[in-house]
Amino acid sequence: MEIVPDKYNSKAFVTRLIQGLILMVFLCLSVAHAEVIEGRVVRIVDGDTIVVELQRVRHKVRLSGIDTPERNQPWGDSATREMRRLVAGKGVAVDWYKRDRWGRLIGNVFVDGQDVGLLMVERGMAWHFKRHADEQTPADRDAYSAAEKVARGARRGLWSDPEPVPPWEWRKR
């Protein structure tokens, strides 16, 4: 028979163990944070980043699941103009799940019930950002991937360019 030291049998140890487990669960849940904010778009930064104002507080929002050409890249201005047409001055809902290293909210943006990121991909103004596809729901991942395939096939927007350069490669230059 093995003898277990008293420190492992104590009520204090069990209490600390339970507290530690509760803290771990709380931390795991906070990483998977999801919240919806509703506000008005007050600025278009570029094709995949907007500023939303809610109760006099401005939130910079990076659309999840897409990457658009940089402003100094072919199609960058077109992507920014398309984002402006879709959301400028309009009320939007932002279903966000995390902040990035620059403090931007990352999430899906909806205008009139439509997923703005998906619209950008469908119109050939954005790539489905597959590097972060694991952060999308399976349904969103499938929809964005299918939309890119259709836009490519139709040579819509940036896909009319014979060799469009993805923004993640452009930024390396």
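## Exercises on a predicted model

V116 touches L63, M83, L86, V87, V109, F110 and V111, leaving aside residues up to four places away in sequence. The model is predicted. The exercises start from this residue.

**Exercise 1. Place V116 in the largest nonpolar core, and find which element gives the largest share of this core.**

Solution.
- Step 1. The core holds 27 residues. V116 is among the four that touch the most other members, with I50, V87 and M120.
- Step 2. List the elements that give two or more residues. They are β1, β2 (49–54), β3, α2 (76–87), β5, β6 (105–111), α3 (116–122) and α4 (138–153).
- Step 3. Pick out the largest share. α3 supplies it, with five residues.
- Step 4. Set this beside the general rule. In soluble globular proteins, nonpolar side chains tend to be buried together.

**Exercise 2. Check the length of α2 against the expected span of a helix.**

Solution.
- Step 1. Count residues: α2 has 12.
- Step 2. Apply 1.5 Å times one less than the number of residues. The expected span is 16 Å.
- Step 3. Compare with the model. The end C-alpha atoms of α2 lie 17 Å apart, which agrees.
- Step 4. Look just past the helix. G89 takes a positive phi of about 75° there.

**Exercise 3. Which residues of α2 are buried, and what covers them?**

Solution.
- Step 1. Use the cut-off: buried means under 20% relative accessible area.
- Step 2. Read off the residues. G76, S78, A79, T80, E82, M83, L86 and V87 are buried in α2.
- Step 3. Recall the helix repeat. An α-helix has 3.6 residues a turn, so residues three or four places apart point the same way.
- Step 4. Find the cover. It includes β1, β2, β3, β5, β6 and α3.

**Exercise 4. Describe the largest pocket by volume, lining and residue class.**

Solution.
- Step 1. Volume: about 560 Å³.
- Step 2. Lining: 28 residues, with R62, W102, R104, F129 and H132 nearest the centre.
- Step 3. Elements: β1 (35–46), β3 (57–63), β4 (66–67) and β5 (91–99) each give two or more residues to the lining. β3 gives the most, with three residues.
- Step 4. Class: 14 charged, nine nonpolar and five polar residues line the pocket.

**Exercise 5. Summarise the whole chain by its elements, burial and contacts.**

Solution.
- Step 1. Count elements: five helices and eight strands.
- Step 2. Write their order from the N terminus: α-β-β-β-β-α-β-β-β-α-β-α-α.
- Step 3. Take burial. Of the 173 residues, 40% count as buried.
- Step 4. Take contacts between residues at least 6 apart in sequence. Of these, 61% join residues at least 24 apart.

Key. Residues are numbered from 1 along each chain as its sequence is written. This is a predicted model: local features need pLDDT of at least 70, side-chain atom pairs count only at pLDDT 80 or more; totals for chains, interfaces and linings use all residues. Side-chain values use heavy atoms; hydrogens and water are left out. On a 1 Å grid over the protein atoms alone, a cavity is a set of points where a 1.4 Å probe fits but cannot get out, and a pocket is an open set with protein on both sides within 12 Å along at least five of seven lines; lining residues have an atom within 4 Å of a point. Grid points are joined across faces, edges and corners, and a volume is the space filled by probe spheres set on the points. Helices (H or I, at least four residues) and strands (E, at least two) are DSSP runs, numbered from the N terminus. Ala, Val, Leu, Ile, Met, Phe, Trp, Tyr, Cys and Pro count as nonpolar, Asp, Glu, Lys and Arg as charged, and the others, Gly among them, as polar. A nonpolar core is a set of buried Ala, Val, Leu, Ile, Met, Phe, Trp, Tyr and Cys residues joined through side-chain atoms within 4.5 Å. Buried means under 20% relative accessible area, exposed over 50%, partly exposed in between (1.4 Å probe, protein chains only). Contact means heavy atoms within 4.5 Å.
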